[in-house]
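Subject: A structure for you to explore

Hello,

I am passing a protein structure on to you, with some notes to read beside it. Please open it and turn it around a few times before you go on.

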Amino acid sequence: MGILNEDMKRVVRQQRLAFVATVCADNTPNLSPKGTIAVWDDDHLVFANIRSPQTVSNLRRNWATEINVVDPMVRKGYRFKGTATVLDAGARYEEMRAFFTARGVSNPIREVVVIKVEHALPVTSPAYDLGLSEAEIRARWERHHEAVERGSEESTGE
């Protein structure tokens, strides 16, 4: 059994948006959204590089990365820490590129990044510390989004 459990895989599959942190050459952080995040197997996440030259450059120099995937409505998710490998040619790259194409990625894929997940931890909102249920938190955020669409911003208290 690998590091990624079924709930982690479910969150990644459902959300399909991750925030990937890398380290720039000047040791400053770089945070970049990735809309192609996917589970590859029990120990690996993958994403396609469509328009992230800084992320890929950083990972070629320093393979350390952290990825956060959170369901914004229930304010729960996971942080995955691991090491990245950048693929830009070869059989494994072609296999993964075909995987993303089959998932509907139509933009040109420059590279594929494979992350070996070494640590995974849950991320939860402090609202849960107040004893709120997942249903209550979801209802708060649904009200918030409805208010935004009406043109007013309603505080969620978070």
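Below is what was found, going from the whole chain to a few single residues.

Please keep in mind that this is a predicted model.

**The whole chain**

Let's begin with the overall layout. The protein chain contains four helices and seven strands. If you walk along the chain from the N terminus, you meet these elements in the order α-β-β-β-β-α-β-β-α-β-α. The C-alpha trace spans about 50 × 35 × 35 Å along its principal axes.

How much of the chain is buried? Of the 158 residues, 39% are buried. The accessible surface of the chain adds up to about 9,000 Å², and carbon and sulfur atoms account for 51% of that surface.

Contacts tell you about the fold as well. Take the contacts between residues at least 6 apart in sequence: 66% of them join residues at least 24 apart.

As for charges, the chain has 21 positive and 22 negative ones, and the mean positions of the two groups lie 3 Å apart.

**The strands and their partners**

Try following strand 6 (residues 76–87), which pairs with strand 5 (residues 64–71) in the antiparallel sense over eight bridges. One bridge to look for here links D71 with K76 in strand 6. Four residues lie between the two strands of this hairpin, and R75 takes a positive phi near 55° there.

Strand 6 also pairs with strand 7 (residues 111–124), again in the antiparallel sense, and this pairing has twelve bridges. To find your way along it, start from F80, whose bridge partner in strand 7 is A120.

Earlier in the chain, strand 3 (residues 38–41) and strand 4 (residues 44–49) form an antiparallel pair with three bridges. Two residues make the link in the hairpin that joins strand 3 to strand 4. D41 has H44 in strand 4 as its bridge partner.

**One residue in a helix**

Finally, have a look at A91, which lies in helix 3 (residues 91–102). Is A91 buried or exposed? A91 counts as exposed because its relative accessibility is 67%, and the cut-off for exposed is over 50%. You can also use A91 to get a feeling for distances in the model: its C-alpha atom is separated by 44 Å from that of E142, and the two residues are 51 apart along the chain.

Enjoy looking around, and write back with any questions.

Best wishes

Technical notes. Residues are numbered from 1 along each chain as its sequence is written. This is a predicted model: local features need pLDDT of at least 70, side-chain atom pairs count only at pLDDT 80 or more; totals for chains, interfaces and linings use all residues. Side-chain values use heavy atoms; hydrogens and water are left out. Two strands pair if DSSP finds at least two bridges between them. Buried means under 20% relative accessible area, exposed over 50%, partly exposed in between (1.4 Å probe, protein chains only). Contact means heavy atoms within 4.5 Å. Accessible areas come from the Shrake-Rupley method with a 1.4 Å probe; for residues, only the protein chains shown count as cover. Lys and Arg count as positive and Asp and Glu as negative; His and the chain ends are not counted. The place of a charge is taken as NZ of Lys, CZ of Arg, CG of Asp or CD of Glu.
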